[in-house]
Amino acid sequence: MVEDIKITTIGGGTGSSTILKGLKKYFKDITAIVTVADDGGSSGMLREDLGVIPPGDIRACLISLANTEKSMERLMNYRFKEGNLKGQNFGNLFLVAMADIYKDFVLGIEETSNILAITGKVLPVTLDNIKLFAELENGEVIEGESNITALSLKDENSSRIDRVFISPKFAKPLNEVVYEIYNSDVILIGPGSLYTSVIPNLLISEIGDALVNTKAKICFVLNVVNQSTETFNYKVIDHLNAIYKHCEGIKIDTIIVNNEKISDEINIKYKRKSASQLLLTDEEREYLKKLKIRVLEEKLVSKTSGYSRHNEDKLARLILENF
């Protein structure tokens, strides 16, 4: 366990929960900053019914950092199958209940963190009720995170995402989030859905300013594969340029890229849904060298998850060895 390195992750969804599972084995001081733009599924229902920030990604990160019995993890991930609660996730309901008991969502997260005995802490990027929009290259605007993730870029007539933006435009970040960014040693951006999990955090102006001005080392962790819904046929440089476009002035010191080719014979669900595997080209390596961005390449594919995800332990050890 490394006790003198302060690690902050920025993202949401499966990407954040995966990397956090690995980090907690080696680091003690971990802060997970989590997007709250989700408007689909159980989180979307609770957001619409109760006016709360969507708890799903926060719950997933709490579970990843938890040090409790497997039965508690199963309980927090349990989804009701029948009745009026059909489709609802128990952990999401638990978080919302804790927020109501303590009359404060952040305090509710803290108390849940204590119950789960988590390593580190989990913070929503904002408490404002933000909505995510995507403007496509053809000028069309898509409203809502769930509608953006439903885009299909495999159709020849479809248009790529040009940019994403939020409403309200000047959402206020959690003060503690800004503090953590300025006081971290290493900030890990990603992995996760580029436009719906990662970039929404950067759109909050004070967060962007903090990332530009922090003295922390900033590392961008690339996904294992592209998504047909958001990043169809993207290259590594396309991901990097999207970050620069939405957070002008950010200084990325390092990128982490998987270099293990996934066999076509391996039946991996995400690969079937995705446009292409994300591998670095020699041309991109030369370009990144000119930008003075350190590239860490390693075989990082999980062989046990059934999905094209990172091997959480290999990823965490790579971070441990290089920061």
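Q: What does Leu23 touch, leaving out residues up to four places away in sequence?
A: This is a predicted model. In it, Leu23 touches Ile7, Thr9, Ile30, Leu188, Ala316 and Ile319. To be called a contact, heavy atoms must lie within 4.5 Å.

Q: What makes Leu23 stand out in the largest nonpolar core?
A: That core holds 92 residues. Leu23 is among the five that touch the most other members. The others are Ile58, Leu211, Ile243 and Ile255.

Q: Why is the contact of Lys6 with Asp29 called a salt bridge?
A: The closest N and O atoms are 3.2 Å apart. The cut-off is 4 Å, so the pair of Lys6 and Asp29 qualifies. Side chains of opposite charge can pair when their charged atoms come close.

Q: How do you know that Lys6 and Asp29 tie together separate parts of the chain?
A: Look at where each one lies. Lys6 is in strand 1 (residues 2-11), and Asp29 is in strand 2 (residues 27-34), so the pair joins parts that are 23 residues apart in sequence.

Q: Are Lys6 and Asp29 buried, partly exposed or exposed?
A: Lys6 has 13% relative accessibility, so it counts as buried, under the 20% limit. Asp29 has a relative accessible area of 30%, so it is partly exposed, between 20% and 50%.

Q: What else is linked with Lys6 and Asp29 through salt bridges?
A: Lys121, Glu176 and Glu180 belong to the network as well. Across the whole structure, a search finds 13 salt bridges.

Q: What makes Glu135 and Arg163 a salt bridge?
A: Their side chains meet at 2.8 Å, N to O. That is within the 4 Å limit, so the name fits. Glu135 lies in strand 4 (residues 131-136) and Arg163 in strand 6 (residues 161-167), so the bridge ties together parts 28 residues apart in sequence.

Q: How exposed are Glu135 and Arg163?
A: Glu135 has 22% relative accessibility. Arg163 has 33%. Values between 20% and 50% are called partly exposed, so Glu135 and Arg163 both get that label.

Q: How do you know that Glu297 and Arg285 form a salt bridge?
A: Their closest N and O atoms are 2.8 Å apart. The limit is 4 Å, so the pair passes. Glu297 is in strand 10 (residues 294-298) and Arg285 is in helix 13 (residues 282-290), twelve residues apart. Glu297, at 26% relative accessibility, is partly exposed. Arg285, at 29%, is partly exposed too.

Q: Why is Asn89 given its label, buried or exposed?
A: Its relative accessibility is 1%. Buried means under 20%, so Asn89 counts as buried. Asn89 sits in the loop between helix 4 (70-77) and helix 5 (90-101).

Q: What makes the meeting of Asn89 and Arg59 a polar contact?
A: The two side chains are 3.1 Å apart. The cut-off is 3.5 Å, so the distance fits. Beyond four places in sequence, Asn89 is also in contact with Ser42, Met76, Asn77, Tyr78 and Arg79.

Q: How do you know whether Thr214 is buried or exposed?
A: Its relative accessible area is 10%. That is under 20%, so Thr214 is buried. Thr214 lies in the loop between helix 10 (205-213) and strand 8 (217-221).

Q: What does the side chain of Thr214 reach?
A: The side chain of Thr214 reaches the backbone nitrogen of Ala216 at 3.1 Å. Away from its sequence neighbours up to four places off, Thr214 touches Ile181, Tyr182 and Ile187.

Notes:
Residues numbered from 1 in each chain as written. Predicted model: local features only at pLDDT ≥ 70, side-chain atom pairs only at ≥ 80, totals over all residues. Heavy atoms only, no water. Helix = DSSP H or I, 4+ residues; strand = E, 2+ residues; numbered from the N terminus. Buried < 20%, exposed > 50% of the residue type's maximum accessible area, 1.4 Å probe, protein only. Core = buried A, V, L, I, M, F, W, Y, C linked by side-chain atoms within 4.5 Å. Polar contact = N/O pair within 3.5 Å; in protein donor to acceptor, adjacent residues only side chain to side chain.
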